[in-house]
Amino acid sequence: MDGFVYNLPGANPNQQFFNNQVPLVNLSATSDESNRSADDDEKKQRRKVSNRESARRSRMRKRRHLNELWSMLVHLINENRCLIDELSRANEGNENVVEENKKLREENSNLRKMIGEIGF
């Protein structure tokens, strides 16, 4: 227990002299503490740098993902336009077929009437 002064009651005749004494500082302990403090500071600094780098990578991943989503959005909008155009053409074709079918049914009906009048 070198480096420390102990104030034990009745252990010293000059008790009054030692009453206000505090433990002496152990120089090797302060050296270790300052080394630990420097190590801790260095670890904190490395952690900060590591966290910043991790945050930077995370922002880059987020940016890439957002760019991919925008590209996908543009692609889907274009595909949707093409499908709408295709549907529009199919609807027009359907309307034409329905109209032609109506005319053919009417013509069929008229021809049946004419055959009925002739008496076949």
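**Exercises on a predicted helical model**

Leu66, Leu69, Trp70, Met72, Leu73, Leu76 and Ile77 together make a nonpolar surface patch of about 660 Å². The model is predicted: local features need pLDDT of at least 70, side-chain atom pairs count only at pLDDT 80 or more, and totals for chains, interfaces and linings use all residues. Residues are numbered from 1 along each chain as its sequence is written, and side-chain values use heavy atoms, leaving out hydrogens and water.

**Exercise 1.** Determine where leucine 69 lies and how its accessibility is classed.

*Solution.* Step 1: leucine 69 is placed in helix H2, residues 27–118; helices are DSSP runs of H or I with at least four residues, strands are runs of E with at least two, and both are numbered from the N terminus. Step 2: the relative accessibility of leucine 69 is 39%, so this residue counts as partly exposed (buried is under 20% relative accessible area, exposed over 50%, partly exposed in between, with a 1.4 Å probe and protein chains only). Step 3: patch members need over 30% relative accessible area and no salt bridge; nonpolar side chains (Val, Leu, Ile, Met, Phe, Trp, Tyr) are joined within 5 Å, like charges within 9 Å.

**Exercise 2.** Describe the secondary structure and the surface of the protein.

*Solution.* Step 1: the protein has two helices and zero strands. Step 2: 0% of its 120 residues count as buried. Step 3: about 11400 Å² is exposed, 54% of it supplied by carbon and sulfur atoms (Shrake-Rupley method, 1.4 Å probe; for residues, only the protein chains shown count as cover).

**Exercise 3.** Identify the salt bridge of glutamate 42 and the network that includes Glu53.

*Solution.* Step 1: a salt bridge requires a side-chain nitrogen of Lys or Arg within 4 Å of a carboxyl oxygen of Asp or Glu; the count by this rule is three. Step 2: glutamate 42 pairs with arginine 46, with closest N and O atoms 2.7 Å apart. Because these two residues are four apart in helix H2, about one helical turn separates glutamate 42 from arginine 46. Step 3: glutamate 53 bridges to arginine 56 at 2.4 Å and to arginine 57 at 3.8 Å. Glu53, Arg56 and Arg57 are thus linked in a network.

**Exercise 4.** Relate the UniProt annotation "coiled-coil region" to the model.

*Solution.* Step 1: the unreviewed UniProt entry assigns this annotation to residues 87–114; such annotations may be inferred rather than shown by experiment. Step 2: in the model, that span is 100% helix and 0% strand, with its end C-alpha atoms 40 Å apart.
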